[in-house]
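Subject: Structure handover

Hello,

Below is the structure we spoke about, with the sequence alongside. My notes on it follow; please read them with the model open.

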Amino acid sequence: MAVIVSVVGVSKIYQLGKTEVPALRDVSLDIHSGEFISIAGPSGSGKTTLLNLIGCVDVPTAGSVVVGGKDTRALSERALTNLRLHQIGFIFQTFNLVSVLSVYQNVEFPLLLQGGLSSSERRRRVDALLGAVGLAQHSHHRPSELSGGQRQRVAVARALVTRPPLVLADEPTANLDSQTGANIIDLMRDMNRRDGTTFIFSTHDPKVMSHASAVIRIADGQVVGREAVSGNGGGH
Amino acid sequence: MGILLLISFRNLFASRAKTFIVGGIVLFSALLTVVGTSIVDTIDSGMRRSIQGSLSGHLQVYDAHSRDDLALYGGMMGENDLNPIRDFSKLKAALQSVPNVESVVPMGIDQAMLGAGNLFDQALEKLRGDVRRCTNGGAARAVPGRSPCAALPEVEKEYQAHKAHMQRMVGLLAKDLRQALSIIDPGTHNASELARNREALTRAIEPAFWASFDADPFGALEFLENRIAPLSLDGGFLYIRYVGTDVAAYQKAFPGMEIVEGTTVPQGQRGILLAKLYAEDWLKLRTARRLDKIKYARDVLEKRIVAKGRLARGDEELQRWVKENQTSTRDILLQFDPIRAAEATRRLQRALGTGEADLQKLVVELLTTDDDNFDQRYRIFYDELVPLLQLYTVKVGDSITIQAPSRSGYMNSVSIKVYGFIQFKGLEKSSSAGMTCVMDIMSFRDLYGFMTNDKQAEIRALKQTANVKAVSRENAEAELFGGDAEITGTAQSGNIDEGKLIQAARGNATSSREALLSRVYSQQEIDGGVVKNAAIILRDPRRAAETAVEIQAAAKRAGLDLKTADWQKAAGMLGMFVTLARVVLFIAVFIIFAVALVIINNAMVMATLQRVKEIGTMRAVGAQRRFILVMLLVETVTVGLTFGAAGTALGAGLVRLIAVRGGIPAPNEQLYFFFSGPSLVPHLDAAGLAISLSIVFVVSILSALYPALLATRITPLAAMQSDE
């Protein structure tokens with residue numbers, strides 16, 4: 001399988017006044033296309049920082065991050081935004097839906113930013129995804145009218161509507177009850193299996209971890225291990 | 001773009017309170033801009049029309065070496081000191097060569113004094129006239145015990161009435177004067193003069209004086225004229241402001257001048273047109289003037305005196321006028337001879353439904369007005385009493401004497417006929433601009449002290465009569481005192497008949513005065529003399545600025561050094577009012593929009609900070625910075641333009657409503673001038689509306705810029721941060 005993300009010798013140091021806080025220290029790893037990876041570690045271990053660097057919303061202090069064959073250090077802010085729009089989908093811990101848009105419009109939003117698709121094609125994709133996440137009948141509702149689990153499903157649909165090769169999810173089940181959380185992970189796993197989309201999600205919940213095909217453990221800003229999860233083959 | 005607009009509009013609805021607060025500020029600002037601009041523009045155009053149409057024309061020219069700048073309505077220190085332009089015809093020829101100049105009107109604006117005359121003098125003059133007619137100018141001697149007019153029945157009736165009137169006036173004067181004299185501190189006045197005055201007064205009111213009047217009418221008249229008339233407290237001199245001009249040319253150039261009574265001054269003749277407002281304020285019976293002012297205040301300004309039984313306080317100025325009317329009945333009573341006094345008594349008894357026989361008490365009762373009876377009393381005054389009175393001290397057809405100090409300090413005077421009364425459109429009630437009288441230019445030149453052709457001819461005639469011979473300085477002693485001096489005449493001793501001399505002098509003066517009044521001057525004579533300034537009427541007023549340059553060049557070529565002034569500059573401080581009003585409006589609009597900008601900016605910054613996560617998410621999923629910037633700008637500009645348009649529309653509606661309801665009334669004469677009429681009827685124009693919307697648009701953009709730029713700095717990282 002091709003390497004979709006390559007992290008080489010990456011360090012990230014945050015400056016808090018005069019104090020330097022190293023969030024990541026010399027991290028190197030490769031993610032292959034179609035994998036369903038969990039990044040696990042306690043709070044403050046650097047999971048979110050690593051996801052941010054892979055997701056091109058932050059840049060490393062040292063080292064390189066290559067996503068989809070592009071070194072993020074060499075890209076302008078505009079190019080990074082474009083990369084996110086076309087190559088990466090995001091699922092946030094707190095759902096992060098646009099409150100003034102309906103479910104349908106929230107899912108459609110990335111397609112409108114991309115442009116180039118006819119309205120009928122956009123409709124087809126959005127309807128398909130809403131059906132896939134089981135929210136077809138809620139397409140005209142506003143996020144405030146949905147439950148937490150429903151909102152996260154909308155977020156999943158939004159993340160996948162542009163058919164990105166890579167989806168990043170930062171603690172996607174943290175604000176959900178265990179059953180709902182499990183359902184969301186199952187949904188993501190189905191998408192991974194069906195479309196071959198690479199998923200990287202952070203969590204500190206062992207139950208959630210158990211769904212992944214592999215778990216990258218991280219502690220104190222360093223990768224301390226990578227282990228396959230038996231019975232959960234990733235991708236095609 | 002569609003999703004951007006959708007997000008923007010929905011965000012506006014989501015924060016309705018903020019949207020309406022911000023929108024309300026924008027709406028109010030736009031409304032104020034539209035209404036304010038409309039009012040100022042209307043004042044500007046109204047004043048321009050009034051001033052240009054009455055006195056300034058499109059441009060004014062005057063000598064560039066004058067000490068003061070031209071101020072058509074006077075400056076703070078009085079009339080401006082302008083150098084004379086000696087030959088108007090030269091100026092006229094030079095300026096009319098400029099293509100855009102349609103006409104050039106000569107002017108000389110100044111102040112003078114008008115002899116108001118008092119009632120006592122007028123009554124004495126009538127009585128003297130009767131006696132002169134009856135005694136053939138004094139040639140026939142009076143017969144003791146017989147009226148001098150007994151032989152002329154048609155004059156006898158008038159003589160008796162005038163004599164009775166004079167006796168009545170003396171009686172009324174005596175009452176007032178005795179009171180006045182009694183409160184004078186004897187230590188501060190010449191005691192003997194006081195004693196003489198008391199003695200004269202006592203003699204004048206005794207029946208014996210009037211019984212012996214017929215025996216020596218001229219002696220009695222002389223006594224009254226020399227000893228009693230000076231004690232009369234009315235009359236004196238009034239200031240009069242005038243523009244000396246070619247009246248025919250002036251009337252053609254200034255359509256704003258309306259003749260409301262009488263006719264214009266005949267072409268080429270001397271004469272004056274008095275300002276109607278001047279006549280109302282200064283020449284009208286004071287009581288009538290006060291009644292008119294009370295009526296105007298009640299009917300137009302909706303003020304009230306105090307009605308009986310009501311507790312509300314009325315207007316103090318109206319109350320003061322009512323009080324003055326009640327206590328100042330003398331100027332009415334002095335006008336009545338016994339016949340007219342009886343008729344006035346009868347009329348007032350009937351109108352007021354009373355049996356009171358004392359005329360003074362009847363007049364006081366008539367003038368005791370309140371809000372309930374004012375209209376009725378006003379009508380009675382004008383219907384019943386005014387026909388028996390002389391309402392104005394000067395009428396059309398009267399000759400008046402105007403005096404003014406010349407530049408060299410001597411007093412010049414002219415006798416001039418009143419041909420009519422005028423007013424200026426839009427300035428009817430303005431004491432600043434509506435009081436200017438229009439006088440022929442020859443009379444102006446006499447008053448100004450410049451040697452006119454008439455004066456030169458008069459001096460030549462005097463020299464001839466006196467056989468004056470020019471003597472050189474070198475030969476002066478020999479000529480004056482030498483033995484070979486030519487005897488030109490011999491003085492003869494004899495008595496001087498003063499009466500004959502005075503009569504002859506009066507006769508000569510009268511005939512020369514009459515000759516002047518009827519003389520017709522040619523256009524060459526009118527143009528060929530001095531002026532102080534000139535009004536220029538242009539064919540195309542829009543080209544005033546460039547024409548002013550051409551005028552100065554043409555004048556220079558003719559050897560004249562002139563300054564030009566547009567209507568605003570020429571109107572001096574009054575003309576600056578419009579500029580001042582614009583500055584005040586600009587400052588007010590600036591302050592309001594500055595405050596609006598700050599408030600909108602703060603509101604949008606707070607809104608942006610509340611939407612950090614949402615904006616970060618949009619950035620994370622692939623929205624560029626430009627998308628965020630445009631989204632914020634669209635939100636603010638939508639609020640700005642929507643509420644700005646609403647404010648503009650409301651402002652336009654308010655202006656229209658004010659116009660339909662008759663405009664904003666002028667509560668005093670200063671505002672009457674600035675409103676160019678009794679009320680300001682504002683008008684709208686597209687430029688004013690466009691300005692308002694443009695300001696709103698610019699302010700919206702400016703107030704959104706900082707929060708929008710702030711929003712573009714929100715990174716996708718913000719979306720990743722949890723709320724923990």
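In chain A, strand β3 (residues 36–40) pairs with strand β9 (residues 214–219) in the parallel sense, over 4 bridges. A:Ser38 is the residue that stands opposite A:Val215 of β9(A). This is a predicted model, and everything below should be read as such. On to the next pairing: β9(A) also pairs with strand β10 (residues 222–228) of chain A, here in the antiparallel sense and over 6 bridges. A:Val215 stands opposite A:Glu227 in β10(A). A:Val215 thus appears in both pairings, facing A:Ser38 and A:Glu227. The hairpin of β9(A) and β10(A) has 2 residues between the strands, and A:Asp220 takes a positive phi near 50° there.

Another parallel pair in chain A is formed by strand β6 (residues 88–91) and strand β7 (residues 166–170), joined by 4 bridges. A:Phe90 of β6(A) stands opposite A:Leu168 in β7(A). In a regular strand the side chains alternate between the two faces of the sheet. For β6(A), both faces are covered. A:Ile88 and A:Phe90 are on one side, A:Gly89 and A:Ile91 are on the other, and all of these are buried.

Chain A also has an open sheet of 4 strands with antiparallel pairing, in the order β2-β1-β4-β5. The edges are β2 (19–32) and β5 (70–71), each of which has a single partner strand, so one side of each is left without a neighbour in the sheet. At the β5 edge, strand β4 (residues 62–67) and β5(A) run antiparallel and are joined by 2 bridges. A:Val67 there stands opposite A:Lys70 in β5(A). Helix α1(A) lies across β1 (3–16), β2 and β4 of chain A, and runs at about 120° to β1(A).

Next, the interface. How many residues of chain A are in contact with chain B? There are 21, and they meet 21 residues of chain B. On the chain A side, the elements that give two or more residues are α1 (47–54), α2 (77–87) and α3 (103–114). By class, that side has 11 nonpolar, 6 polar and 4 charged residues. Helix α1 of chain A therefore has two entries in these notes, as it lies across strands of the open sheet and gives residues to the side that touches chain B.

In chain B, I looked at two packings of helix α2 (residues 16–56). Two packed helices are described by the angle between their axes and the distance between the axes.

The partner in one case is helix α28 (residues 686–712) of chain B, which packs against α2(B) at an angle of about 150°, with the axes 9 Å apart. That makes α2(B) roughly antiparallel to α28(B), and the crossing is right-handed. From α2(B), the contact takes in B:Val26, B:Ala30, B:Thr33, B:Val34, B:Thr37, B:Ser38 and B:Asp41. From α28(B), the residues are B:Gly688, B:Leu689, B:Ile691, B:Ser692, B:Ile695 and B:Val696. The residues of this contact divide into 7 nonpolar, 5 polar and 1 charged.

The other partner is helix α26 (residues 625–660) of chain B, whose axis comes within 7 Å of that of α2(B) and crosses at roughly 40°. The two helices are therefore oblique to each other, and α2(B) passes α26(B) in a right-handed crossing. By class, this contact has 15 nonpolar, 10 polar and no charged residues.

Two single residues of chain B are also worth a look in the viewer.

B:Ser8 is in helix α1 (residues 2–14) of chain B. Is B:Ser8 buried or exposed? B:Ser8 counts as buried because 20 C-beta neighbours lie inside 10 Å. Leaving out residues up to four places away in sequence, B:Ser8 touches B:Met631, B:Val634, B:Glu635 and B:Thr638. The C-alpha atoms of B:Ser8 and B:Thr636 are separated by 8.8 Å, although the two are 628 residues apart along the chain.

B:Trp210 lies in helix α7 (residues 207–211) of chain B. B:Trp210 is partly exposed, with 16 other C-beta atoms within 10 Å. From B:Trp210 to B:Ala220, 10 residues apart along the chain, the C-alpha separation is 8.6 Å.

Regards

Note on methods. Residues are numbered from 1 along each chain as its sequence is written. Chains are lettered from A and ligands numbered from 1 in the order in which they are written. This is a predicted model: local features need pLDDT of at least 70, side-chain atom pairs count only at pLDDT 80 or more; totals for chains, interfaces and linings use all residues. Axes are lines fitted to C-alpha atoms, for helices over the stretch in contact, and angles run from 0 to 180 degrees between N-to-C directions. Angles under 35 degrees count as roughly parallel, over 145 as roughly antiparallel, 65 to 115 as roughly perpendicular and the rest as oblique. A crossing is left-handed if the near helix is turned anticlockwise from the far one by less than a right angle, and right-handed if clockwise. Two residues are in contact if their C-beta atoms, placed from the backbone, lie within 7 Å. Ala, Val, Leu, Ile, Met, Phe, Trp, Tyr, Cys and Pro count as nonpolar, Asp, Glu, Lys and Arg as charged, and the others, Gly among them, as polar. A residue is buried if 20 or more other C-beta atoms lie within 10 Å of its own, exposed if 12 or fewer, and partly exposed in between; C-beta atoms are placed from the backbone. Two strands pair if DSSP finds at least two bridges between them.
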